[in-house]
Amino acid sequence: MTDRSAHTVSATVADRLAHPDGAPAAATAANRQHLAFGPTGIALLHIERAAAGLAPWQRAQDWLVAATRKPFTSGPDSHPFYGAPALAHALACAADHLPGSYRRGLDLLDRQVTADARRRLDAAHRRIDAGQLPALAEFDALRGLAGYGAYLLRRDPDGPVTLAVLDYCVRLTEPITHDDELLPGWWAPTGPSGRPDDRFPGGHANHGMAHGIGAVLALLALSARRGTTVTGHHQAMRTILAWLEQWKTTTGRGGAWPYWITRDELRASRLAPAAPRRPSWCYGTAGLARAQQLAALALGDTNLRVDAEAALLNALTDPAQLRATSDSGLCHGFSGLMHLTARTAADAAPAAASQLRATIPALLTVLLPPGVSPEDTVTRLLEDDAGAGLLDGAAGTALGLLSADSAKPPRTAWDACLLIA
């Protein structure tokens with residue numbers, strides 16, 4: 001499968017989603033406020049293509065208008081992927097390339113996001129002061145302070161609330177004693193769903209980029225690379241890295257990481273046997289490898305950088321891990337792997353960069369099987385249960401395919417919400 005086919009499929013998805021009136025209802029009305037599933041996520045595809053000169057800005061505008069026909073939720077019921085913060089991300093991506101556009105709306109949204117982040121920070125520090133364990137939604141990328149930090153780092157990198165989020169991230173890495181056991185500060189008392197789960201007695205430590213400590217590591221690394229740091233910043237990264245090193249396994253030519261650690265595994269100091277898992281963005285080795293590469297670049301740690309890049313390369317060439325990957329989307333599918341690979345290769349040492357980019361054609365072949373026309377592929381993507389949206393659906397797949405089509409980074413910051421750049 002060629003890069004030209006990737007470009008064709010990406011463009012065809014965008015054409016099929018050119019206007020909200022012709023899109024699946026789930027992408028418009030039912031999920032209007034969701035960045036993951038709704039019009040703001042689809043707008044990101046059109047914003048990226050317009051910024052690259054591949055399509056008119058009117059398409060992006062039409063999707064943003066569709067999203068804003070009714071007020072957006074803010075306050076406690078919103079989060080980085082739902083409500084006002086989700087809209088803010090999309091508008092900011094467009095405004096970066098249309099100077100002066102959306103200024104009034106973005107100013108209002110920035111104030112709201114800042115106020116919401118302050119409220120969440122206050123609650124988080126009260127929780128820590130009380131010696132309680134955190135909910136995943138307190139700190140994760142999709143619902144929590146890591147996600148707020150990703151937005152604030154772009155909009156106000158040296159602002160007081162941005163620094164306060166980073167201070168919180170540092171504090172989150174301090175150990176906590178609970179039930180007479182010393183636990184990492186990000187240990188959640190629930191299962192990965194955020195609800196009590198009999199399969200996770202005593203809770204778990206979540207490693208994911210979507211819902212775990214991987215996102216916090218990535219935020220600390222991205223901010224440090226920009227020169228925005230707080231007291232204890234580098235030590236906090238080292239604390240997370242040491243934890244991940246403790247639980248790393250060796251497979252093939254590189255490391256791999258479990259999705260999480262249970263209380264029984266912590267007490268036994270060893271992992272329970274498990275089948276190979278998909279190396280995705282949301283959970284698994286691919287997202288964590290990128291987070292650790294970013295940390296290595298921020299810390300100037302060459303050995304860590306080599307290990308992180310080797311781990312991703314191994315995941316991309318390990319048949320057992322790839323067999324566990326079965327869908328197309330950004331979150332845990334092949335387009336997400338391609339985009340992570342392109343982002344990691346752009347920052348990798350030359351030899352590793354070449355090896356990483358050499359894996360993309362094979363990933364493309366799985367996503368776009370030979371003998372299947374681009375039109376049929378797009379129809380399959382849009383008719384799939386995953387829908388048309390950003391994280392699991394066709395719009396996100398089309399954005400991932402743009403990475404396969406070019407060695408250049410995205411023109412916009414659409415993927416900042418994933419904390420990989």
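**Exercise 1. Contacts and overall form of the chain**

What share of the contacts in the chain with a separation of 6 or more comes from residues 24 or more positions apart? Work this out for the predicted model shown above, and then describe the overall form of the chain.

*Solution.* Begin with the contacts: among those in the chain with a separation of 6 or more, 71% are accounted for by residues 24 or more positions apart. Next, take the secondary structure, which comes to 19 helices and 6 strands. The radius of gyration of this chain is 20 Å, and since the globule rule gives 22 Å for 421 residues, a close value, the chain is as compact as a globular protein of that length. Along the principal axes, the C-alpha atoms fill a box of roughly 60 × 50 × 40 Å. Finally, turn to the surface: 58% of the 421 residues count as buried, while the chain exposes about 16,600 Å², of which carbon and sulfur atoms supply 51%.

**Exercise 2. The largest pocket**

Determine how much space lies in the largest pocket, and characterise the lining of that pocket by residue and by element.

*Solution.* The volume comes first, and the space in the largest pocket is about 460 Å³. Its lining is made up of 23 residues, and those closest to the centre are W257, P258, A274, A275 and R277. Two elements, β4 (249–251) and β6 (260–262), each give two or more residues to this lining, and β4 gives the most, with 3 residues. Sorted by chemical class, the lining residues of the largest pocket divide into 12 nonpolar, 7 polar and 4 charged.

**Exercise 3. Two arginines compared by setting**

For R278 and for R127, establish the place in the chain, decide whether each residue is buried, partly exposed or exposed, and list the contacts beyond the sequence neighbours.

*Solution.* R278 belongs to the loop between α11 (263–268) and α12 (285–299). Its relative accessibility is 25%, and because partly exposed covers the range between under 20% and over 50%, R278 counts as partly exposed. When residues up to four places away in sequence are not counted, R278 touches Y259, Y283, G284, Q321, A324, T325, D327 and H332. As a distance across the fold, the C-alpha atoms of R278 and E174 are separated by 30 Å, the two residues being 104 residues apart along the chain.

R127, for its part, lies in helix α5 (residues 103–129). With a relative accessibility of 9%, R127 falls under the 20% limit and therefore counts as buried. Leaving aside neighbours within four places in sequence, R127 is in contact with Q132, L133, P134, E138, Y168, L172, I176 and G185.

**Exercise 4. Backbone angles between β1 and β2**

Describe the phi angles of D179 and D180, and state where these residues are placed and how accessible they are.

*Solution.* Start from the general expectation that most residues other than glycine have a negative phi. D179 has a phi near 50°, which is positive in a residue other than glycine, and D180, also not a glycine, has a positive phi of about 65°. For the location, D179 is found in the loop between β1 (176–178) and β2 (181–183), and D180 is likewise placed in the loop between β1 and β2. The last step concerns accessibility: D179, at 57% relative accessibility, is over the 50% limit and so counts as exposed, and D180, at 79%, counts as exposed by that limit too.

Notes
Residues numbered from 1 in each chain as written. Predicted model: local features only at pLDDT ≥ 70, side-chain atom pairs only at ≥ 80, totals over all residues. Heavy atoms only, no water. 1 Å grid on protein atoms, 1.4 Å probe; cavity = no way out; pocket = protein on both sides within 12 Å on 5 of 7 lines; lining within 4 Å. Points joined across faces, edges and corners; volume = space filled by probe spheres on them. Helix = DSSP H or I, 4+ residues; strand = E, 2+ residues; numbered from the N terminus. Nonpolar A, V, L, I, M, F, W, Y, C, P; charged D, E, K, R; others polar. Rg over C-alpha atoms; globule rule 2.2 N^0.38 Å. Buried < 20%, exposed > 50% of the residue type's maximum accessible area, 1.4 Å probe, protein only. Contact = heavy atoms within 4.5 Å. Areas by Shrake-Rupley, 256 points an atom, 1.4 Å probe, with all protein chains shown as cover.
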